[in-house]
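This report introduces a protein structure to a reader who has not met it before. Please look over the sequence and the model before reading on.

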Amino acid sequence: MKRTISHISYAVAALALMAPALLKLPHQVDIGLGLLFAMAFGVGNVNRVLVKWENDGAYQKEALDERNIAIKEKAGNITGMLTTTLLGISLVVFVCMGYTVPSLVVGGIILVQLVSLICVSSLLEKKM
């Protein structure tokens, strides 16, 4: 299944790369197709690498080591805290500058992040 996703992603990336050359499209569409190419190519590469890693026994042993799992969890927690802090700073800057829509968007992102943190934490506590 993951190989199929890789092949489909590569096909989408190739079409997104060739479409501007074949069709006369506005500049904004070219930018969107460039972003689509980058995302599809990235998904294809990640899936290809994941399939390769799934078949590697040494990698599986290393990935499932308790110490490495604890390191990844701590890194994720620190990264989440840093992201929330930076979003909070940008929210204050947007409010001070009088930008209403960006303030609402960033505030919504912070709210969704915090609510999802609470929900996921409670689900994991019930599961364990």
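The report below covers confidence, overall form, the helices and one residue in its surroundings.

**Confidence**

The structure is a predicted model. The protein chain has a mean pLDDT of 87, and 98% of its residues reach 70 or more. Confidence is not uniform along the chain: helix H3 (residues 57-63) has the lowest mean, at 77, whereas helix H4 (residues 66-97) has the highest, at 91.

**Overall form**

The protein chain contains 5 helices and 0 strands. Read from the N terminus, its elements follow the order α-α-α-α-α. Along the principal axes, the C-alpha trace covers about 55 × 50 × 20 Å. The radius of gyration of the protein chain is 21 Å, while a compact globule of 128 residues would have one near 14 Å.

Burial and surface complete this general view. Of the 128 residues, 12% count as buried. The protein chain exposes about 10,100 Å², and carbon and sulfur atoms supply 73% of that area. Among contacts with a separation of 6 or more, 50% come from residues 24 or more positions apart.

**Two helices, H2 and H4**

The table sets out the length and span of these two helices.

| Helix | Residues | Number of residues | Span between end C-alpha atoms | Expected span |
|---|---|---|---|---|
| H2 | 27-54 | 28 residues | 41 Å | 40 Å |
| H4 | 66-97 | 32 residues | 47 Å | 46 Å |

For H2, the distance from the first C-alpha to the last is close to the value expected at 1.5 Å a residue. The buried residues of H2 are Leu-33, Ala-40, Gly-44, Asn-47 and Val-51.

For H4, the same kind of reasoning applies: at 1.5 Å a residue, its 32 residues should span 46 Å, and its end C-alpha atoms are 47 Å apart, so the two values agree. H4 is followed by Gly-98, which has a positive phi, near 85°.

**Ser-103 in helix H5**

Which helix holds Ser-103? Ser-103 is found in helix H5, which comprises residues 100-127. Is Ser-103 buried or exposed? Ser-103 has a relative accessible area of 10%, and a residue under 20% counts as buried, so Ser-103 is buried. When neighbours within four places in sequence are left aside, Ser-103 is in contact with Leu-91, Phe-94 and Val-95.

Key: Residues are numbered from 1 along each chain as its sequence is written. This is a predicted model: local features need pLDDT of at least 70, side-chain atom pairs count only at pLDDT 80 or more; totals for chains, interfaces and linings use all residues. Side-chain values use heavy atoms; hydrogens and water are left out. pLDDT is the predictor's confidence in each residue, from 0 to 100. Helices (H or I, at least four residues) and strands (E, at least two) are DSSP runs, numbered from the N terminus. The expected span of a helix is 1.5 Å times one less than its number of residues. The radius of gyration is taken over C-alpha atoms; the globule rule is 2.2 Å times the number of residues to the power 0.38. Buried means under 20% relative accessible area, exposed over 50%, partly exposed in between (1.4 Å probe, protein chains only). Contact means heavy atoms within 4.5 Å. Accessible areas come from the Shrake-Rupley method with a 1.4 Å probe; for residues, only the protein chains shown count as cover.
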